[in-house]
Amino acid sequence: MLTDDTIAAISTPLGEGGIGIVRLSGKDSIEIVEKIFTSPKHKSFKDLASYKVIYGHLKDPATGEEIDEVLVTVMRSPYSYTRENVVEINCHSGMVTLRKILELVLKGGTRLAEPGEFTKRAFINGRIDLTQAEAVLDLIKSKTDESRRIAIEQLQGGLSEKITTLRDGLKEICAHLEAYIDFPDDEIEIATRKDLVVSMKEIETELRKLIKTYDESRFFRDGLSTAIVGRPNVGKSSLLNALLQKDRAIVTALPGTTRDVIEEYLNINGLPLRIMDTAGIRDVQNVAEKEGVKRSLQSIENADLVIAVFDVSEPLKDEDFEVIEKIKVKNAVIVLNKCDLPSAFDKIALSSHLTPCDSPVLNISALRGDGLEELKDRIFNSSLTDWKEEREGVLITNLRHKIAIENAIASLGRAMSGFEETKPLEIIALELRDSLDRLGEIVGAVTTEDILDSIFKNFCIGK
Ligand code: GDP
């Protein structure tokens, strides 16, 4: 798995900008850049301290042509992102310049980096573990400040530490048990058996607590998938636009292209809402009305949250009742829109149809902006019921971690029942080892190329 070649990539987004960065990592990276670099003071990289920036020019050694005016930083092994020799070339950010510089260093003896390969090397070389590598990606992709905060906590090793402590606990139990296996004449005492089961139970409880945090904290990483539903003309599009105007989480499209956008992110008090089928919400003219309602109802199925919109200026219609039926089993917030107009709406009929679901119901005017702050609070509170308490501890946001913990709990459970059924100690020890390995997958103590590939393929090239 260890590689000794030198990799290179453009690490900044391709496009016109102030500064672009081409990054190299590997044992030859310093020499490769030195061959194409000249400095007015003829400073050699050999004398250049790590993290010192040097000003100069890049030239094509084949033609002598000057390519760009640059600043170069050398970070020597092991004090670098990858723990290898890393060189960063800060150049003018234009597509042609960046590509030309990349071409030069590739010709000089580097290989184009694969997606996430710099971070993968940081993992392989032991600078970070797998949860930290994954946190790098979460950080890059974070949609709100709270998402960023959760990612940085993981990057700083919060989850690694927790998993390592639990693994240490399991290792201790294993060692205890294996001592009895090695000396079969020593009968394991009933009191010791009980103690071991208590220790296992404690670890299981901690693992279950971690899993529980996933239900809500995953929303901060992946976004809370949200369907805004209701019959045509109730004000779905107006509501979405009113919220986006103030609380758009990230710019997802250039102006004028919004019709093609199918995903938008809203920042609701730090919680990123991924609005599903925004094209369907906005583009009513292009979707036949019946089709529009059908799509709207379908989006309810996969939603973590439904915002159901009704128009109080009109009496309830059959299509409204269809919506009500669908949202009863969902996490829903019910919005009575157009409260600036005289009401022709039967609230009692609505509540009797909603029973027994107790979703919050609130009046708003998307047009005037009334009630939007309260709507945001309701969305936050109804989607995150245990959040305050859970936020204090270590969180898991990643499905891969959740599955690994579930597998670890299953093996641990078999080990505990093995004790009760007085199965041979060897069998119990095997289950414990398996539990240990499943947790090892999370931090990368136990790993396979498949696991690594599936993680790093989601990175961009250059990270
Ligand atoms: P959609 O089909 O559910 O997306 O509904 P639209 O957002 O396109 O709104 C339908 C019509 O209702 C438009 O003419 C909006 O201007 C109007 N509308 C939306 N919200 C309000 C509101 O709060 N008050 C009033 N008076 N009109 C609204």
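Helices (H or I, at least four residues) and strands (E, at least two) are taken as DSSP runs and are numbered from the N terminus. The structure is a predicted model, in which local features need pLDDT of at least 70 and side-chain atom pairs count only at pLDDT 80 or more, while totals for chains, interfaces and linings use all residues. Residues are numbered from 1 along each chain as its sequence is written, and side-chain values use heavy atoms, with hydrogens and water left out.

Empty space inside the protein was examined on a 1 Å grid over the protein atoms alone, where a cavity is a set of points at which a 1.4 Å probe fits but cannot get out, and where lining residues have an atom within 4 Å of a point. Grid points are joined across faces, edges and corners, and a volume is the space filled by probe spheres set on the points. The search of the whole structure finds three cavities of 30 Å³ or more, and the largest cavity holds about 70 Å³ of space. Its lining is formed by D138, S142, S147, I150, A151, S217, F220, R221 and T397, with α5 (145-155) and α7 (190-222) each supplying at least two of the lining residues. When Ala, Val, Leu, Ile, Met, Phe, Trp, Tyr, Cys and Pro count as nonpolar, Asp, Glu, Lys and Arg as charged, and the others, Gly among them, as polar, this lining divides into three nonpolar, four polar and two charged residues.

Around the ligand, a residue is taken as near if one of its heavy atoms lies within 4 Å. The ligand is surrounded by 16 residues, of which the closest are N233, K236, S237, S238 and D340; by class, this shell has six nonpolar, six polar and four charged residues. Helix α8 (residues 236-247) gives the most to the shell, namely three residues. Polar contacts, defined as pairs of N or O atoms within 3.5 Å, include one in which a side-chain N or O atom of D340 lies 2.8 Å from a nitrogen atom of the ligand. The side chain of K338 places an N or O atom 3.0 Å from an oxygen atom of the ligand, and a polar side-chain atom of N337 lies 3.1 Å from a ligand nitrogen atom.

Two features of the backbone fall in the loop between β5 (66-75) and β6 (86-93), where P78 has its place and where R83 is also found. The peptide bond from S77 to P78 is cis, with omega near 0°, whereas R83, although not a glycine, has a positive phi of about 75°.

Key
1 Å grid on protein atoms, 1.4 Å probe; cavity = no way out; pocket = protein on both sides within 12 Å on 5 of 7 lines; lining within 4 Å. Polar contact = N/O pair within 3.5 Å; in protein donor to acceptor, adjacent residues only side chain to side chain.
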